[in-house]
Amino acid sequence: MRLDYVTIFPGYFGPLSLSLIGKAIESGRLTVVVHDLRDWAHDVHRSVDDTPFGGGAGMVMKPEPWGEALDALIQPSPARRALIIPSPSGEVFSHRCAVELAGYDQLIFACGRYEGIDARVADYASTIIEVRELSLGDYVLNGGEVAALAMTEAIVRLMPGIIGNPDSLAEESHSATLDNLLEYPVYTKPAAWRGREVPEVLLSGHHAKIAAWRRDQAEALTRARRPDLL
Ligand code: 6GU
């Protein structure tokens with residue numbers, strides 16, 4: 001998979017060289033290219049924003065640099081690819097969305113700042129590429145960079161061959177194998193710690209009982225914390 005990030009803060013993407021994503025890059029399974037939007041701004045100040053038509057506070061990202069960036073990055077090809085625009089007014093990004101995007105060949109993240117990107121950019125882009133405006137949840141970040149990093153991590157770990165033991169993807173929160181429930185609590189050694197004992201059933205070696213206990217715990221946790229998932 002190839003990932004492109006367009007941003008006015010390329011430094012945000014340094015951490016992509018770490019950990020699992022860094023390994024995926026080293027192994028050649030993942031290509032990451034970070035682009036400075038100002039490379040496509042041509043006035044002396046390399047400006048990328050302007051005041052909003054209709055008035056109001058804040059600035060809006062100008063369409064021209066974005067148009068040039070997209071024209072440079074979206075080459076005609078039959079590959080499965082999408083333009084992702086992180087935005088608090090997008091559809092909510094979910095595990096299901098990550099599963100779907102993990103099968104793509106190229107994802108381009110358009111990271112906006114200020115009050116957002118001129119709306120004509122997404123409209124224009126949708127004539128040449130699938131466009132998804134995606135939000136992490138009901139709160140506002142200062143820009144799309146941190147959201148793009150979070151989505152990237154959720155997507156890349158689901159790509160085939162990225163996580164050493166694929167079984168660890170099966171029984172985790174929001175996974176289909178756990179019926180999209182929250183994951184049950186987990187324990188390791190020692191069996192007693194600071195007066196707290198590991199639930200006895202987990203020490204029993206009785207696999208069916210352990211599976212039933214975990215299922216009950218997952219359901220109880222989901223009912224208490226996220227009844228909307230049931
Ligand atoms: Cl994707 N972007 C921004 N700027 N704020 C957000 C968000 C995205 N998701 C939640 N808040």
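**Ligand contacts**

I began at the ligand and looked up its polar neighbours in this predicted model: a polar backbone atom of Leu136 sits 2.8 Å from a nitrogen atom of the ligand. For Tyr139 I noted a distance of 2.4 Å between a backbone N or O atom and a nitrogen atom of the ligand, and for Leu141 I noted 3.0 Å between a polar backbone atom and a ligand nitrogen. I then looked up how far the protein covers the ligand, and found that of the 290 Å² exposed by the ligand taken alone, 97% is buried by the protein.

**The shell around the ligand**

I counted 13 residues around the ligand, and those that come nearest are Ser87, Leu134, Leu136, Tyr139 and Leu141. Sorting the shell by residue class, I recorded nine nonpolar residues, four polar ones and no charged ones. Which elements supply at least two residues of the shell? I found that strand 5 (81–92), strand 7 (130–135) and helix 5 (145–156) each do so, and that strand 5 gives the most, with three residues.

**From the shell to the sheet**

I next followed the strands into their sheet, which is open and is formed by five strands in the order 2-1-6-5-7, with parallel pairing. I marked strand 2 (31–36) and strand 7 as the edge strands, since each pairs on one side only. For the orientation of neighbouring strands in this sheet I noted an average turn of 25 degrees against each other, with direction ignored. Strand 7, which I had already met as a supplier of the ligand shell, is thus again on my list as an edge strand of the sheet.

**Pairing, strand by strand**

I went through the pairs and found that strand 1 (residues 2–7) and strand 2 run parallel and are joined by six bridges. Within this pair, Leu3 stands opposite Val32 of strand 2, and Tyr5 has Val34 of strand 2 as its bridge partner. Strand 1 also pairs with strand 6 in the parallel sense, over five bridges, and here I found Asp4 opposite Ile108. Strand 5 and strand 6 are joined by four bridges and run parallel, with Leu107 of strand 6 as the bridge partner of Ala82.

**Burial of strands 1 and 6**

I asked myself how many residues of strand 1 are buried; the count is five of six, and the strand is mostly covered. In strand 6, five of the five residues are buried, so this strand is largely enclosed by the rest of the structure. I checked its two faces separately: Gln106, Ile108 and Ala110 lie on one side, Leu107 and Phe109 on the other, and all of them are buried. This division agrees with the general rule that side chains in a regular strand alternate between the two faces of the sheet.

**Gln106**

Is Gln106, in strand 6 (residues 106–110), buried or exposed? Its relative accessibility is 10%, and because the limit for burial is under 20%, Gln106 counts as buried. I then looked up the side chain of Gln106 and found a polar contact of 2.9 Å with the side chain of Asp4.

**The chain as a whole**

I closed with the overall values: the chain holds seven helices and nine strands, and 37% of its 230 residues count as buried. For the C-alpha trace I noted a span of about 70 × 40 × 35 Å along the principal axes.

Conventions. Residues numbered from 1 in each chain as written. Predicted model: local features only at pLDDT ≥ 70, side-chain atom pairs only at ≥ 80, totals over all residues. Heavy atoms only, no water. Near = heavy atom within 4 Å. Polar contact = N/O pair within 3.5 Å; in protein donor to acceptor, adjacent residues only side chain to side chain. Areas by Shrake-Rupley, 256 points an atom, 1.4 Å probe, with all protein chains shown as cover. Nonpolar A, V, L, I, M, F, W, Y, C, P; charged D, E, K, R; others polar. Pairing = 2+ DSSP bridges. Axes fitted to C-alpha atoms, helices over the stretch in contact; angles between N-to-C directions. Buried < 20%, exposed > 50% of the residue type's maximum accessible area, 1.4 Å probe, protein only.
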